[in-house]
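Here is an informal walk through a structure, meant for someone who would rather look at the model than read tables. Keep the viewer open as you go.

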Amino acid sequence: MSASISQFRSQADSAINDLPLQEAIDTATGNFWRGREGALEELPDSEGLRDHFKAIRSATLAQLDEHLESFESNAKAAGTHVHWAEDAAEACRIVIDIGKTRGVTLATKGKSMASEEIHLGVALEEAGIESVETDLGEWIIQLAGDPPFHIIAPAIHKRRDEIVTLIENASGESLQSAEIEDLVAASRRLLRSRFLSAGMGITGGNILVSETGSLVLVENEGNGRFVSASPPVHIALVGLEKVVPTWDDAAVWLQLLARSSTGQPLSVYTNVVTGPRKVDDEDGPEEVHIILLDNGRSQLLGGKYEEILQCIRCGACLNICPVYREVGGHTYRSPYSGPIGAVITPLLMGLEEYPALPQASSLCGACRDVCPARIDLPRMLVELRNDEVEQGLVPWSVRRAEEAAAWMLMDVDRYRRLTGLMRTAQLPVLKDGDLRMPSFLDPSKGRKLKGLAPRPFREIWQSELEGGDG
Amino acid sequence: MSEKTVALFVSCLVDQISPEIGVATVRLLRRAGCQVDFPDAQTCCGQPFFNSGLRNQARDLARRTIEIFEPYDAVVLPSGSCSSMVAAEYVHLFEDDPDWEARAEALGAKTFELSRFLVRQGWAPPGSDAAPTVTYHDSCHANRLLGLGGEARQLLESAGCRVVEMVESDRCCGFGGLFSIKMPEVANAMTREKLRQAVDIEVDVLVSIDPGCLMQMEGLVDPDGPRVRHLACLLEELG
Ligand code: SF4
């Protein structure tokens, strides 16, 4: 996938003009950000906690290799298989190999952005392993063949009637007059049978706790618990930046994660996986595999983008973002949308593929305000724009025009002369102080654009204000 | 009130497109007892280039601006965004250049956005019976980088305005400098949302301290909707 400026603009335009979609985005993001505000207020010192969390995240990343190694050895001691995947292809291969070895034909999946990132679903299908999403939102978009619209709520763009049809087609039941509960029940019946026959369960993971080699998986539907505990094999695919040294650190993470994303004090389910089923355990998988996914992350360590690895994928920055709230998730053409998507997508998948994303921001800074790890997303968007200039990814005409403007502004006489010429040049298209251009030339797409004032301030100053009481 | 000489940095936008904001600013500063100087060499603070990733150009314009304004005791701008560029971002442009970093920091410390300067001067406009009901747009950089917003509301109330809040006073108006030209469809949608919030609370005037935001919102405001005004212009008009 890729996103050029023109692709982004045209997709944004359709999203903006889709009124039901706009309403759906407003409702979902509004509930989330209001929920977040309330949930953080409940904490005695949420600002202090965020500072503390930021410190934990940056200290851990500064010694990431050590923490990952100790995670690996403690996880192995608990009986977990630990795999390192350098890129998407390797991660997919590891999953498929495990499946093939165990003769798996059906896998259940919990919600995982990492699996979206590596397009695991496609790889599994090609390998002849059927995979079924079990998170309701993920399942709906799987049925629809859509990419996720939001990192924590993938199906918010789907209208109720679309969802009904999708579930009807999947279940063969007639659900036209069904209530939400009936829809959930129908989905549950359908998914239950898959849970029981799956040969392996694939999940993501929110936190890797190094001191005990444990995986923490949070979710709201109980499907994550089912996927990780009921099939004989559990595979967790986790970005390698998600590690913390201790349970104390993990506790801070958990205090902020659900509050920042949905406004819950804690998700409904917080699953901890420390190795496979023990001899006297009643349930649990026979094998647990954790795949530590790099896919471009380790390259960011030690550089100007390291801070982005502090992200815990809470989605708070999407919910507050005035751009995301207009253009929605699909416009970013990446599983990661909103401010985090605009930064992480070009970094992981190539700036030359996604030149539009760093430009898709007014740099308002709302994302930095809400990020639990206080990631300076606007700073990184500007850094990426610098990289675009340096790598020659800015259209030639734009680059030249901006350089010419800077050149003009570097010398006040030049500035005076050239702005004077512009005053004359604009006359044919000036009406009541506004520039009126034919619509195909209109750079502001229907917004009235003021022309240069008849006289610049500096002239008014000289003739009327200077030295006097004007 | 002691006479104080301040250098007025109007910003390129005010100079070329909205000079009336500069005129109102001069009058307010004089009413607040200041001598106003306008260093004629000034052009642009460099923010558009900083935001576009043209860091060298941004640095050149920052150096130029520092040289022009550093002789003064105080610099006042009728623009939250340009103030934040000078007071909060310049130092980041010179992280690898200690001399310029120090000069940037020194200028930043004496650079003030107009509403903050007026409040620090202890000036307050007299109450007016003609004062309209207003709402204040917390423009992004002013609010998030400089913590501004209280000052403007305080001045508006002192002038007799009733200040009503929008649902999200701090939601971006969509301007974002060249963003409004590079992604106009997105910018316009953001502006319409902002204006909708102002229309919902039925105020007479939507006030901002940022010429850029004002230009953006004026470009889409409904003729029957609230008037969109710079704080300085409104205060000056109320007398
Ligand atoms: S960048 Fe911050 S706010 Fe955005 S998803 Fe990541 S942690 Fe959450």
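What follows takes chain A from its overall build to its sheet and cavities, and then picks out a helix and a residue in chain B.

## The big picture

First things first: this is a predicted model. Chain A has 470 residues, and 57% of them are buried. You'll find 20 helices and 13 strands in chain A, and its C-alpha trace spans about 90 × 55 × 45 Å along the principal axes.

How much of the contact network in chain A links residues 24 or more positions apart? Taking contacts with a separation of 6 or more, such pairs account for 72% of them.

## The six-stranded sheet

Look for an open sheet in chain A with parallel pairing, where six strands line up in the order β1-β10-β7-β4-β2-β3. At the edges sit β1 (81-85) and β3 (130-133) of chain A, each with pairing on one side only. Going from one strand to the next, the twist averages 20°. As a reminder, strands of a sheet pair through backbone hydrogen bonds, either parallel or antiparallel.

Helix α5 (residues 88-101) of chain A lies across four of these strands: β1, β4 (200-203), β7 and β10. Relative to β1(A), helix α5 runs at about 145°.

## Zooming in on β10

Strand β10 (residues 287-293) of chain A is a good one to click on. On one side, seven bridges join it to β7 (residues 233-239) of chain A, and the two run parallel. Two places to check this pairing are A:Ile235, which stands opposite A:His289, and A:Val238, which stands opposite A:Leu292.

β1(A) is also parallel to β10(A), with five bridges between them. Here A:Val82 has A:Ile290 as its bridge partner. Is β10(A) mostly enclosed or mostly open? Six of its seven residues are buried, so the rest of the structure largely encloses this strand.

## Two cavities

Rolling a probe the size of a water molecule over the atoms shows where empty space is left. Across the whole structure, the search turns up two cavities of 30 Å³ or more. The largest holds about 120 Å³ of space. It is lined by 17 residues, with A:Cys321, A:Pro339, A:Ser361, A:Cys367 and A:Leu381 nearest its centre. Two elements of chain A, α15 (338-349) and α16 (366-370), give two or more residues to that lining, and α15(A) gives the most, with three. What kinds of residue line this cavity? There are 13 nonpolar and four polar residues, and no charged ones.

The second largest cavity comes in at about 110 Å³. Its lining has 15 residues, and the closest to the centre are A:Cys311, A:Cys314, A:Cys317, A:Cys371 and A:Pro372. By class, this lining splits into twelve nonpolar, two polar and one charged.

## A buried lysine in chain A

Next, find A:Lys54 in helix α3 (residues 46-62) of chain A. Its relative accessible area is 18%, and the cut-off for buried is under 20%, so A:Lys54 counts as buried.

Which residues does A:Lys54 contact, leaving aside neighbours within four places in sequence? They are A:Glu307, A:Gln310, A:Ala373, A:Arg374 and A:Ile375.

## Over in chain B

Helix α13 (residues 231-238) of chain B is mostly covered, with six of its eight residues buried. Those six are B:Leu231, B:Ala232, B:Cys233, B:Leu234, B:Leu235 and B:Leu238. They pack against a mix of chain B helices and strands: α2 (19-31), α7 (114-120), β5 (133-136), α9 (150-158), β7 (205-208) and β8 (227-230). Right after α13(B) comes B:Gly239, which has a positive phi, near 80°.

Finally, B:Ser84 belongs to helix α5 (residues 80-93) of chain B. B:Ser84 is buried, with a relative accessible area of 0%. Not counting residues up to four places away in sequence, B:Ser84 touches B:Glu89, B:His141, B:Leu145 and B:Leu146. To get a feel for the fold, compare B:Ser84 with B:Pro211: they are 127 residues apart in sequence, and their C-alpha atoms are 14 Å apart in space.

Definitions and conventions
Residues are numbered from 1 along each chain as its sequence is written. Chains are lettered from A and ligands numbered from 1 in the order in which they are written. This is a predicted model: local features need pLDDT of at least 70, side-chain atom pairs count only at pLDDT 80 or more; totals for chains, interfaces and linings use all residues. Side-chain values use heavy atoms; hydrogens and water are left out. Two strands pair if DSSP finds at least two bridges between them. Helices (H or I, at least four residues) and strands (E, at least two) are DSSP runs, numbered from the N terminus. Axes are lines fitted to C-alpha atoms, for helices over the stretch in contact, and angles run from 0 to 180 degrees between N-to-C directions. Contact means heavy atoms within 4.5 Å. On a 1 Å grid over the protein atoms alone, a cavity is a set of points where a 1.4 Å probe fits but cannot get out, and a pocket is an open set with protein on both sides within 12 Å along at least five of seven lines; lining residues have an atom within 4 Å of a point. Grid points are joined across faces, edges and corners, and a volume is the space filled by probe spheres set on the points. Ala, Val, Leu, Ile, Met, Phe, Trp, Tyr, Cys and Pro count as nonpolar, Asp, Glu, Lys and Arg as charged, and the others, Gly among them, as polar. Buried means under 20% relative accessible area, exposed over 50%, partly exposed in between (1.4 Å probe, protein chains only).
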